[in-house]
Amino acid sequence: MCNIRNQDSWVHKNNPELATEKAKDLVRMSVTKVALMEPLKEAELEVNQTAMVLGGGISGMAAARSLARQGYETHLIEKSKQLGGQALNLFRTAEGEDVREKINGYIDEINKNENIHVHLNTTITHVDGFVGNFESELSSNSETQILKHGVAVLATGASELKPEEYHYGKDPRILTNLDLDKKFIKKDPILENLTSAVFIQCVGSREPQRPYCSRVCCAHSIESALELKKRRPEITVFILYRDIRTYGEKEYLYQKARKAGILFIRFSLNNKPEVDLNQGQLRVRARDHILHRPLEISADLVILACAIVPNRDEKLANFFKVPINDDGFFIEKHAKLGPSEFATDGVFLCGMAHYPKPIDESIAQGLAAASRAVTLLSRKNIFMSGTVAITDPVHCSSCGVCISICPYSAASFIPEDDRFFPGRAQINPVLCKGCGLCTASCRSGAIHLKGFDNDQIFAQIFALNDVG
């Protein structure tokens, strides 16, 4: 690969004569490097055509159902006593669909599918292996079993923040969005006698400790506000917001709320609303952003639109060698080119473990993760890249730097019972991604990266000065 476009013609388009000279240099350097190339050996692996889906929420169930429908044996791992995840706490979708009814349909189909094995009250305690040949240790009720599988789908979900502001937990009239949904589901009689309700947005979101937007809160609050209006048309409903983010077709939901008489009052991060509990009276103080005057609302209910917080399962991330961002969510391989997979081969991602998202997007990503997983499961054998690091154990000093720096856990020590080089470093070519970190950090010069060895790099540098 001689990249004249990116490294030359694009960056030097205003100096064509100098760019031509640079192009000659780049071609000469590449030819010199190619002259020293050696054949790369690609590792061949057999694929265990069994899938493991970790997380029995709606996204994980969508992935498991898709894999099973395509004929692949699938193990669905759920740490709680039932499938459904956070969707069990939701009342209706923005389109008016009964969430519990849909979820129960999913669960029934999964339980009846012979290709799906459901493991409830189960956690993963250890993972070995690599793409096509994983071995996971499952723990349930003090019993352990080893599950062999070719791919893994992480759908571990997220949860609603339990806030410490606005007097939450001190009065039963101060709820979160999920608390209100539970009252809708149970048909709580308290909802039939309300005269006013106040929704407060961005509770715990878009703040220094959680700078991200939880995405579903605005639409969820508006759905709930419309449901209150539907049950009791004379109720006065306020939504105190920082920015309304009902993206896509949910903008129609916002317009419907406006037409229904729901009142929207904007506030800033530096001037949040205040909730006052005094002598049994529940009042909310805010500032009208149009009149620039203080406002006091007497409320029967205060509903907090709380942030979605990740599980931040660093133990699981270490098991599968996958990254977590500063907020605690898993990071996909590429936002556009690999939105449902990790850089680690054979491990895929979906649902709110990736980022807050509504039900329709969670299902779509679960199906996407299953589709990507099938590209591996459908093959009995796969070949791994030959551009990997190799060690020369004769020169290895057993310092362990390569082992500590490798993000894919490809480097390890040769067992002490080895006859020739006990305790020296070795590289697993299946796990290696050819990133070069170990090669650059090796103080003994014992590690070489195929296709980018020292003699090739130096040959390129020498060729740069060789204009003969």
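Asp-243 is partly exposed in this predicted model, because its relative accessibility is 23%, and the buried class ends at 20%. Its side chain forms a salt bridge with Arg-206, with 2.6 Å between the closest N and O atoms. The two residues belong to distant parts of the chain, 37 residues apart. Asp-243 sits in the loop between strand E12 (236-241) and H7, while Arg-206 sits in the loop between strand E11 (196-203) and H6. Arg-206 has a relative accessible area of 16% and is therefore buried.

Side chains of opposite charge can pair when their charged atoms come close. The structure holds 20 salt bridges. One of them joins Arg-69 to Glu-109, and here the closest N and O atoms are 2.9 Å apart. Arg-69 lies in helix H3 (residues 58-69) and Glu-109 in helix H4 (residues 99-112), so this pair ties together parts that are 40 residues apart in sequence. Arg-69 is exposed, with a relative accessible area of 55%. Glu-109 has a relative accessible area of 26% and is partly exposed.

A salt bridge can also be found inside a single helix: Glu-227 and Arg-231 meet at 2.8 Å, N to O. Both residues are in helix H6, and because they are four residues apart, about one helical turn separates them. Glu-227 counts as buried, at 12% relative accessibility. Arg-231, at 24%, counts as partly exposed. Elsewhere, salt bridges that share partners join Asp-276, Arg-283, Arg-285 and Glu-296 into one network.

Helix H6 also takes part in helix packing. Two packed helices are described by the angle between their axes and the distance between the axes. For helix H6 (residues 217-231) and helix H7 (residues 251-259), the axes come within 10 Å and cross at roughly 40°. The angle makes H6 oblique to H7, because the roughly parallel class covers angles under 35 degrees. The crossing of H6 and H7 is left-handed. On the H6 side the contact is made by Ala-219, Ile-222, Glu-223 and Leu-226, and on the H7 side by Leu-253, Tyr-254, Lys-256 and Ala-257. By class, six residues of this contact are nonpolar and two are charged, with no polar ones.

Helix H6 has a second partner in helix H5 (residues 177-186), where the axes come within 11 Å and cross at roughly 35°. The crossing of H5 and H6 is left-handed. From H5, the residues in contact are Asn-177, Leu-178, Leu-180, Asp-181 and Phe-184. They meet Cys-217, His-220, Ser-221, Ser-224, Glu-227, Leu-228 and Arg-231 of H6. This contact has five nonpolar, four polar and three charged residues. Glu-227 and Arg-231 thus appear in the contact with H5 as well as in the salt bridge within H6.

A last site is the loop between helix H9 (359-377) and strand E20 (381-383), which contains Ser-378. Ser-378 is partly exposed, with a relative accessible area of 43%. Leaving aside neighbours within four places in sequence, Ser-378 is in contact with Gln-49 and Tyr-72. Ser-378 and Tyr-72 are 306 residues apart in sequence, while their C-alpha atoms are 9.0 Å apart in space.

Definitions and conventions
Residues numbered from 1 in each chain as written. Predicted model: local features only at pLDDT ≥ 70, side-chain atom pairs only at ≥ 80, totals over all residues. Heavy atoms only, no water. Axes fitted to C-alpha atoms, helices over the stretch in contact; angles between N-to-C directions. Parallel < 35°, antiparallel > 145°, perpendicular 65-115°, else oblique. Left-handed = near helix turned anticlockwise from the far one by under 90°. Contact = heavy atoms within 4.5 Å. Nonpolar A, V, L, I, M, F, W, Y, C, P; charged D, E, K, R; others polar. Salt bridge = Lys/Arg side-chain N within 4 Å of Asp/Glu carboxyl O. Buried < 20%, exposed > 50% of the residue type's maximum accessible area, 1.4 Å probe, protein only.
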